[in-house]
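Got a protein in front of you and not sure where to start? Let's go through it with a few questions.

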Amino acid sequence: MPEKVNVVYITFDGITDPLGQSQILPYLEELNKKEVKFYLISLEKNLKKAKQISKSIENIGIHWYRLKYFKIRFLGAAINEIQCFFLVLYLSLFKNIKIVHARSCLSLFPPLFLKRLFNFKLIFDMR
């Protein structure tokens, strides 16, 4: 059996949001059945609700990193980018990441700066 490819999937939409439940999670769940191992990074508006569904996501084999979404004007966007940057850096250093999938423009910036350093493939999904 071939070894699974380690992929980071970044979304600034929360998995607890309707879009996360209807589009992102089913997409990842189906691909996770193949030779893909996902490390999901999402920015959550409701961490309490996210914690409630975290066990079901872990049970399907997806490693989920729930970051707090900051909505403070300008400063919030910077905090969101910085915390995502350091998490992608950590995963790239310790999990042998081969692909990073960025869903939206904002989620593209953290891996864009790390791409050359770690030589992973970058998928940009502008929806």
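Q: How many of the seven residues of strand 1 are buried?
A: Keep in mind that this is a predicted model. Strand 1 covers residues 5-11 and is mostly covered. A residue counts as buried when its relative accessible area is under 20%. In strand 1, the number that pass is six.

Q: In which sense do strand 1 and strand 2 pair, parallel or antiparallel?
A: Strand 2 takes in residues 36-44. Seven bridges link strand 1 with strand 2, and Y9 stands opposite L40 of strand 2. The sense of this pairing is parallel.

Q: What order do the elements of the protein run in, from the N terminus on?
A: The parts to place are four helices and five strands. Start at the N terminus and read along the chain. You get β-α-β-α-β-α-β-α-β.

Q: Is N80 buried or exposed?
A: Look for N80 in helix 3, which spans residues 75-94. Leaving out residues up to four places away in sequence, N80 touches F12, L43, K68, Y69 and F70. Its relative accessible area is 3%, and the cut-off for buried is under 20%. So N80 is buried.

Q: Where is N96 found, and how does its accessibility count?
A: The loop between helix 3 and strand 4 (99-103) holds N96. Its phi is near 55 degrees, a positive value in a residue other than glycine. Most residues other than glycine have a negative phi, so a positive one is worth a second look. At 42% relative accessibility, N96 counts as partly exposed.

Q: What is the phi of S104 near?
A: To find S104, go to the loop between strand 4 and helix 4 (109-118). S104 is a residue other than glycine, and its phi is positive. The value is near 110 degrees.

Q: What radius of gyration does the protein have?
A: The protein has 127 residues, so a compact globule would come out near 14 Å. The C-alpha atoms fill a box of roughly 50 × 35 × 25 Å along the principal axes. The radius of gyration agrees with the globule value, at 14 Å.

Q: How far apart do the centres of the positive and negative side chains lie?
A: Count the charged side chains and you get 20 positive and 10 negative. Each set has its own centre. The two centres lie apart by 4 Å.

Methods: Residues numbered from 1 in each chain as written. Predicted model: local features only at pLDDT ≥ 70, side-chain atom pairs only at ≥ 80, totals over all residues. Heavy atoms only, no water. Helix = DSSP H or I, 4+ residues; strand = E, 2+ residues; numbered from the N terminus. Rg over C-alpha atoms; globule rule 2.2 N^0.38 Å. Lys, Arg positive; Asp, Glu negative; His and termini not counted. Charge placed at Lys NZ, Arg CZ, Asp CG, Glu CD. Buried < 20%, exposed > 50% of the residue type's maximum accessible area, 1.4 Å probe, protein only. Contact = heavy atoms within 4.5 Å. Pairing = 2+ DSSP bridges.
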